Amino acid sequence: MAGYLKLVCASFQRQGFHTVGSRCKNRTDCGAAPGAWSQVAVQKVNAAGTDPSSPVGFVLGVDLLHIFPLEGATFLCPADVTDPRTSQRILEVLPGGRADVILSDMAPNATGFRDLDHDRLISLCLTLLSVTPDILQPGGTFLCKTWAGSQSRRLQRRLTEEFQNVRIIKPEASRKESSEVYFLATQYHRRKGTVKQ
């Protein structure tokens with residue numbers, strides 16, 4: 001399964017996040033390498049420090065595939081987001097051990113069986129959601145790609161348990177017949193009973 005996770009922490013203006021979201025939605029492929037989202041994120045959070053008047057943010061990318069170096073971004077690759085050892089590495093790399101935003105463009109390798117591919121992608125999103133208590137700051141934002149299908153409500157229910165606001169976004173650049181949608185969840189508060197390890 002090829003999965004790409006970007007974690008963006010430090011200063012990230014709300015308008016800036018929406019801009020990153022709209023830019024990344026122009027992607028139509030299931031894989032995320034070589035890191036177009038990270039390029040946009042680096043600019044939005046000033047991770048390369050090119051704007052001396054703005055705080056310097058941090059961008060971390062994780063992928064099973066190789067990602068070419070990018071000034072202002074840190075990459076863990078090859079690394080499997082579903083592996084607990086990767087979660088530990090993420091915590092070690094993130095300043096303060098937390099991210100303000102998680103942007104996920106993860107997708108399994110397509111089998112050609114729509115229902116199976118949908119179920120596998122939902123499983124990836126749920127796995128990522130299960131590590132948010134360790135990684136995401138309270139009040140943080142979570143954006144994940146999925147393909148519309150029978151398990152979408154399951155993911156949406158989980159998100160509404162842990163975030164104040166959840167909505168579905170259909171990329172303007174996405175073909176009308178495409179089932180690709182994004183869940184945008186904001187104001188992370190964790191669900192009751194969740195304890196950070």
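## A buried aromatic pair to start from

Both Phe163 and Tyr188 are buried, where buried stands for under 20% relative accessible area, exposed for over 50% and partly exposed for anything in between, with a 1.4 Å probe and protein chains only. Before going further, a word on the basis: this is a predicted model, in which local features need pLDDT of at least 70 and side-chain atom pairs count only at pLDDT 80 or more, while totals for chains, interfaces and linings use all residues. Residues are numbered from 1 along each chain as its sequence is written, and side-chain values use heavy atoms, with hydrogens and water left out.

## The overall fold

The chain has six helices and seven strands; these are DSSP runs numbered from the N terminus, with helices being H or I of at least four residues and strands E of at least two. Following the sequence, the elements come in the order β-α-α-β-β-α-β-α-α-β-α-β-β.

Of the chain's 197 residues, 49% count as buried. Contacts here are heavy atoms within 4.5 Å. Taking those between residues at least 6 apart in sequence, 69% join residues at least 24 apart.

## Aromatic rings

How many aromatic pairs does a search of the whole structure find? The search gives two, using rings of Phe, Tyr and Trp (its six-membered ring) with centres within 6.5 Å, and calling planes under 30 degrees apart stacked, over 60 edge-to-face and the rest tilted. One is the tilted pair of Phe142 and Phe163, at 5.9 Å centre to centre with 45° between the planes. This pair links distant parts of the chain, since Phe142 sits in strand E5 (residues 136-147) and Phe163 in strand E6 (residues 163-169), 21 residues apart. Phe142 has a relative accessible area of 0% and is therefore buried; Phe163, at 1%, counts as buried too.

The rings of Phe163 and Tyr188 have centres 5.0 Å apart and planes at 45°, so this pair is tilted. Here again distant parts of the chain are linked: Phe163 in strand E6 and Tyr188 in strand E7 (residues 180-188) are 25 residues apart. Through these ring pairs, Phe142, Phe163 and Tyr188 become a cluster.

## The nonpolar cores

The largest nonpolar core has 31 residues, and Phe142, Leu155, Leu159 and Phe163 touch the most other members. A core of this kind is a set of buried Ala, Val, Leu, Ile, Met, Phe, Trp, Tyr and Cys residues joined through side-chain atoms within 4.5 Å. Two or more residues each come from strand E2 (58-63), strand E4 (99-104), helix H4 (114-130), E5, helix H6 (152-162) and E7. H4 supplies the largest share, seven residues.

Leaving aside residues up to four places away in sequence, Phe163 touches a list that includes Leu129, Leu136, Gly140, Phe142, Ala185 and Tyr188. Apart from the largest core lies another, of eight residues, among them Ala41, Val42, Ile67 and Phe75. Ala41 and Val42 also appear among the buried residues of helix H2 (residues 36-44), together with Trp37, Ser38 and Val40. After H2 comes Asn46, with a positive phi near 55°.

## Helix H3 and its two faces

In helix H3 (residues 84-93), Thr86, Ser87 and Ile90 are buried. They lie on the same side of H3 because they cover an arc of only 105° around the axis, the arc being that of the directions from the helix axis to the C-beta atoms. As background, an α-helix has 3.6 residues a turn, so residues three or four places apart point the same way. Pro84, Arg85 and Glu92 are exposed, on the face of H3 turned away from its buried side.

Ser87 has 13% relative accessibility and so counts as buried. Not counting residues up to four places away in sequence, Ser87 touches Val81 and Val131.

## Cysteines and an annotated lysine

The structure holds zero disulfides, a disulfide being a pair of cysteine sulfur atoms within 2.5 Å. Why is Cys125 without a bond to Cys144? Its closest cysteine sulfur, in Cys144, is 4.0 Å from its own, which is too far for a bond. Cys125 is buried, with a relative accessible area of 1%, whereas Cys77 is partly exposed at 26%.

UniProt, in an unreviewed entry, lists Lys145 for "active site"; its positions are given in the numbering used here, feature names are shortened, and annotations may be inferred rather than shown by experiment. Lys145 is placed in strand E5 and, at 0% relative accessibility, counts as buried.
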